[in-house]
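Grab a pencil and have a look at the model below. A few exercises follow it, each with a worked solution.

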Amino acid sequence: MQTRKKYIFLTFLASWLLLFFFGGDQLRRFPFFSGRKVKARRNWPHWTDRSLLTSFADPRELQGNEDPSLPSPRERRAARLSVYKNSRCRMETCFDFSRCEKHGFKVFTYPRERDQPLSESYSKILASLERSRYYTSNPEEACLFILSIDTLDRDHLSGQYVRNVDEKIRGFPLWNGGRNHLIFNLYSGTWPNYTEDLGFDIGQAILAKASFYTDSFRPGFDISIPLFSKDHPQRGGERGWLYQRSIPPKKKYLLVFKGKRYLTGIGSGTRNALHHIHNGKDIISLTTCKHGKDWEKHKDTRCDKDNVDYEKFDYQELLHNSTFCIVPRGRRLGSFRFLEALQAACIPVLLSDGWELPFAEAIDWSKAAVVGSEKLLLQIPSTVRCIHPERVLAFQQQTQFLWDAYFSSVDKIVHTTLEIIKDRLLPHRSRSRFLWNTLPGGLLALPDFSTHPGDFPFYYLQQGSSPPGKFTAFIRAISPVGSLSQPILRLIQAVSGSQYCAQILVLWSCEKPPPPSGKWPQTTVPLTIIQGSRKLSDRFFPYAAIGTDAVLSLDEHTSLSTSEVDFAFGVWRSFPERIVGFPTQSHFWDPEQRRWGYTSEWTNELSIVLTAAAFYHRYYHSLFTEYLPVGLRELVDGLAACEDILMNVLVAAVTKLPPIKVTQRKQHKENVPQQLRLDPVLFKDQVSILRKKYPRLEKP
């Protein structure tokens, strides 16, 4: 009996323990178990008790229903998914790689119809594509196809909206369900929801779109591009606003915003709340209701004051004098303000939840922008105040690099889009994020040359290394057969005597064959003859025979000693990204001829270093041949001059650095006639003789 009572007691105790373990939360809600805790909980103020809690919003507004014009998150998600029926597209499933195998990465644009209107922005995009080195006019060679139909503005209330796109593209024999097609878009959807509806089925096409939602973005397939205005420059573009020796990390204002305030509809919530962080001192947040036709119908009590304060500050002045710029979403996720802030070196503070940032596949935006949350707006001031000045300066410098490398012109935006797609075709030969996010940028780091940073001339300092200690002498010879001049023989002997010379290559640019090997001097390094043409651009062709990073470019009449070569090579190893050489030229304006010219007169300034005796990295041969437009190389070949100028301009454009002149004991021979030309009165007879001997003297 005693044992039976013990088992009953243990069973009862175990049941209570299980009940408290699994149902404790429910039991605590009863007053018997919760005791004074329930009573204490009742002492907390109600969330609408205005006497105890200060609220930034009207309680009736909080308790009321949401804006009926705004779709719910579920509705927005359903709308986006309805647009992208092939939402699971990847390069492996929706792109035909076989089209790119035979002819490589070639781009074809559809012929334009005469009655088909084109916006200014889309005309610029098509022009950029047709000037690209990847462009082909033959669709059979193409790997990627671009529609001639303007798809940038898909707001059906816009005057640039193109109707019946579905019917038109279905009639294209090359459409193939959108496979291997690239579609550009800047504006999608319309009032009031501004969904991502394009008004036609893109099928399996790649979408390069501004204001891309991450929910509808297909990673590794689509590309997010920036929103740019119709006035965005076609080529080049303006430089950034951050100049050397004028870089105060801390400016007059810490954080600024000046823009429209939407009173209703999508995007209004974020901009309506911006006035909470305005302090009138180092944080300036100005909005205006005065835009649109019926703004007065929806104006609130703040509108009049906001409109007055809005006019007190100049937008350009705020950009120039602020460290951080707020970039909130508008009706769509992106805005022009993003590129404006980048150019101004005003670090963007992004308030656009769900925005797939432009070119985020390649660009590391954590180094150039502060990504905030629309829901945590009030934390933004304290967040940016905590950023150390050194990091602020690094942010500003990165904004300038990204602006100049990828966003300053339509050409760069389009070419960045193409290069990202090209990298996907051959992942093993694609650029790393390091190359994309470090000077000079992904567009100037050609993967066909290499994908390893150590093979380029720009990254030795970051990697803590120095260039290899050997160079290739590359001599351009134009002497006719059987008359090898003594200068080239002495030049070969002087160069081969350098302890750093690994090989000598002679580019024989004469139509007749070169002299037999017995007439060339005996050297301690390999001597190779390369048959070339009379084209000047041939001297900068990326010959496979060049086996070193350093190239010593020489003309056959150049006169150098071994010690001069060694000295110049030592200087180049300290500055491997630059041109380092002996003869120089400076440009000047001739008021009588009313044109620019250049001269070798000895001054304290120089414009270029002649490639008749100069060191540079062999990578510039690849850039000269593959990156420069064909028209520039043809111009040099047609003029039979100015190849030095073109190479110097290319290197300066890539590095943003000037060439370096080194002195020599002997004057460069080609400088002599140019110096004599400066005084034809004293040297009339000599000049007449020299002009006959050197017909190129009269060409600036």
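The exercises deal with helix faces, helix packing and aromatic pairs in this predicted model.

**Exercise 1. Work out which residues of helix H11 (residues 303-310) are buried and which elements they pack against.**

Step 1: Go through the helix and pick out the buried positions. You should end up with Cys303, Asp306, Asn307, Asp309 and Tyr310.

Step 2: Check how they are spread around the axis. Their arc is only 165 degrees, so they sit on the same side of H11.

Step 3: Flip to the face turned away from that buried side. There you'll find the exposed residues Lys305 and Val308.

Step 4: Now look for the packing partners of the buried residues. These are strand S8 (253-260), strand S9 (283-288) and helix H10 (295-298).

**Exercise 2. Describe how helix H21 (residues 619-627) and helix H23 (residues 643-655) are arranged, and what their contact is made of.**

Step 1: Start with the axes. They come within 11 Å and cross at roughly 100 degrees.

Step 2: Turn the angle into a word. Angles of 65 to 115 degrees count as roughly perpendicular, and H21 and H23 are therefore roughly perpendicular to each other.

Step 3: List who meets whom. From H21 come Tyr620, Leu623, Phe624 and Tyr627; on the H23 side they meet Leu646, Met647, Leu650, Val651, Val654 and Thr655.

Step 4: Sort the contact by class. That gives 9 nonpolar residues, 1 polar and no charged ones.

**Exercise 3. Find out how many aromatic pairs the whole structure holds, then take a couple of them apart.**

Step 1: Count. The search turns up 34 aromatic pairs.

Step 2: Zoom in on Phe449 and Tyr619. Their ring centres are 4.7 Å apart and the planes make 55 degrees, so call this pair tilted.

Step 3: Place the two rings. Phe449 belongs to the loop between helix H17 (433-436) and helix H18 (460-463), while Tyr619 is in helix H21, so the pair ties together parts 170 residues apart in sequence. Tyr619 is buried, at a relative accessible area of 0%.

Step 4: Do the same for Phe474 and Tyr543. With centres 5.6 Å apart and planes at 35 degrees, this pair is tilted too. Phe474 is in strand S13 (residues 471-477) and Tyr543 in the loop between strand S15 (527-531) and strand S16 (550-555), so parts 69 residues apart in sequence are tied together.

Step 5: Check burial. Phe474 is buried at 1% relative accessible area, and Tyr543 is buried at 15%.

Notes. Residues are numbered from 1 along each chain as its sequence is written. This is a predicted model: local features need pLDDT of at least 70, side-chain atom pairs count only at pLDDT 80 or more; totals for chains, interfaces and linings use all residues. Side-chain values use heavy atoms; hydrogens and water are left out. Buried means under 20% relative accessible area, exposed over 50%, partly exposed in between (1.4 Å probe, protein chains only). Helices (H or I, at least four residues) and strands (E, at least two) are DSSP runs, numbered from the N terminus. The arc is that of the directions from the helix axis to the C-beta atoms. Contact means heavy atoms within 4.5 Å. Axes are lines fitted to C-alpha atoms, for helices over the stretch in contact, and angles run from 0 to 180 degrees between N-to-C directions. Angles under 35 degrees count as roughly parallel, over 145 as roughly antiparallel, 65 to 115 as roughly perpendicular and the rest as oblique. Ala, Val, Leu, Ile, Met, Phe, Trp, Tyr, Cys and Pro count as nonpolar, Asp, Glu, Lys and Arg as charged, and the others, Gly among them, as polar. Rings of Phe, Tyr and Trp (its six-membered ring) pair if their centres lie within 6.5 Å; planes under 30 degrees apart count as stacked, over 60 as edge-to-face and the rest as tilted.
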